[in-house]
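The following exchange takes up salt bridges and burial, and asks how each label is justified.

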Amino acid sequence: MNAFPSSSKTTRRVYCGHSRFDALCSIMEPSDLTTRRNGRQRRVPGASTLSEHIGSMDRGETSSPEPETEEEADGLIRSSDTENRRRHRVQPGIRGELGNISLLLFLYVLQGIPLGLAGSIPLILQSKSVSYKDQAFFSFVFWPFSLKLFWAPLVDALYFSRFGRRKSWLVPTQYLLGLFMLYLSATVTSLLQSEEGPKVGTLTAVFFMLAFLAATQDIAVDGWALTMLSRENVGYASTCNSVGQTAGYFLGNVLFLALESAEFCNKYLRIVPKDTGIVTLPDFLFFWGVIFLVSTTLVAILKRENDHSRGRGNVPEETQGVTETYRLLFSIIKMPTVFTFCSLLLTAKIGFSAADAVTGLKLVEAGVPKEQLALLAVPMVPLQILLPVIISRYTAGPRPLDVFYKAFPFRLLIGLEYALLVWWTPHVKQEGGFPLYYYAIVLLSYALHQVALYSMYVACMAFHAKVSDPLIGGTYMTLLNTVTNLGGNWPSTVALWMVDPLTSKECQGAIGQSCSSSLEAGLCVKEGGVCVTTMDGYYVESVVCVVIGLLWWLWLGKRMRRLQEQSSSAWRCRVNQ
């Protein structure tokens, strides 16, 4: 999956597919694809020419001189016929590789399970009234997929050749994932229901390791996909990634939250009501922990990595030194245009952080069932499939960031609309829950948010494809995608962290008491009072974020648009000149 070009003119396989929503890898498959936050891959508009150029260089396709004599021409024809017959014999076709495709799909499903579980924990914590500082601390769990570029070169370079380049990491990583899940199945109840409240620190540490291991497994599976499938079928790797990871996330998040909810199960799935859901978190963790251990053992024993010496037509791999890999990344980021662009990417999402990170938790705090919020993601799937196709028509030209710039203020306005939605939620709550029209409005708000989000996302990915140096395209785009993901992670963590300090509360019913800290709030309740929120920090934060975002759009947004006017040479890495 990774080999970087050296300083010579020889073109080598470049490093790709290592960011939280996996960078587009024009070399891995025939089509240019990128992956978004939840792991789904989308076609990058305007990048087919770049993909074809890199792909042809990677396969060693160079123009040959014309034959000078008839004998040479006959020799070339005979050689070509022989090569064509050989390729015809070794081409397995999709039917011949259903086993490998099924294995890849299963491995990506396994990868999505811990990610889905990690995404469900904040909603469970919110239902237990943890502080937003605790939520901010737990949000570090979602960082490993954005940072995996920094250890992915090690996964590519260090392995046991007898056991297999990819199995050397895949097998121990999945064993550890299974063991962590079994450990959690025995301890997660006590971690969530201790007398002092949920032990957020321990939960964060364990789920951070799960996310770290899942990110490492993703690196190994991405690389194995290139050699497990033949050259003719390697494009199916992206389909396995998209479908498998999405299915795994759905199982670990949406399906789990629905089956874990006693209210949902009693209303839709049971005849006789019970106090618990059909599935509990310990049971779910134990089941998938066993699945991880058993399936990993079977893969370790029964599945061998391909032997390229047998001429099966697979994509060859090359190994690049770890030091050279990091030197290449550093040389890219030192370039003035890239440094400026990365700085803009790291600050562009500040204006959306309150809406993106806090709104869902505030709705749960206001009484919206967490499983209902999770299920609202299901009707969004068709929209998420269609949006990139539609938006690509407008980002395929020479100025894709114009779409980014135009969608920016609309996404800011949706952030204000989210704040109004949170304010309105308690007023519409009824005895039996929330009316159907309320969920329709929430769904419409989410759909509008997705339109603005995807407009900016597709435009940004298209620009990445446009400016990436063809000789090191995978490395280049992975770096830009990593910075893009980090630009969304750190503002979300800060937004969660700042909700509590910006919130004002007063103690009513107990003279001389206050609610400025958890200790003082406890004294207020002990004296017979109650803490009442006079100013919710979420609303303050929403307004501040929108103001910051508006200033960014008016000042730095125009600067980002001007980057499109830079010549292609301004984006070329000097290592390859």
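A salt bridge here is a side-chain nitrogen of Lys or Arg within 4 Å of a carboxyl oxygen of Asp or Glu. This is a predicted model, in which local features need pLDDT of at least 70 and side-chain atom pairs count only at pLDDT 80 or more, while totals for chains, interfaces and linings use all residues. Residues are numbered from 1 along each chain as its sequence is written, and side-chain values use heavy atoms, with hydrogens and water left out.

Q: What makes the contact between Asp536 and Lys362 a salt bridge?
A: The N to O distance is 2.9 Å, which is within the 4 Å limit, and therefore the pair qualifies.

Q: Which parts of the chain does this pair link?
A: Asp536 lies in the loop between strand 4 (530-535) and helix 22 (537-562), whereas Lys362 is in helix 15, 174 residues apart; helices (H or I, at least four residues) and strands (E, at least two) are DSSP runs, numbered from the N terminus.

Q: Why is Lys362 called buried or exposed?
A: Buried means under 20% relative accessible area, exposed over 50%, and partly exposed in between (1.4 Å probe, protein chains only). Lys362 has 6% relative accessibility, so the residue counts as buried.

Q: How do you know that Lys362 also forms a salt bridge with Glu365?
A: Their closest N and O atoms are 3.4 Å apart, and both residues lie in helix 15 (residues 353-365), 3 residues apart, about one turn of the helix. Glu365, with a relative accessible area of 45%, is therefore partly exposed. Lys362, Glu365 and Asp536 are thus joined in a network of salt bridges.
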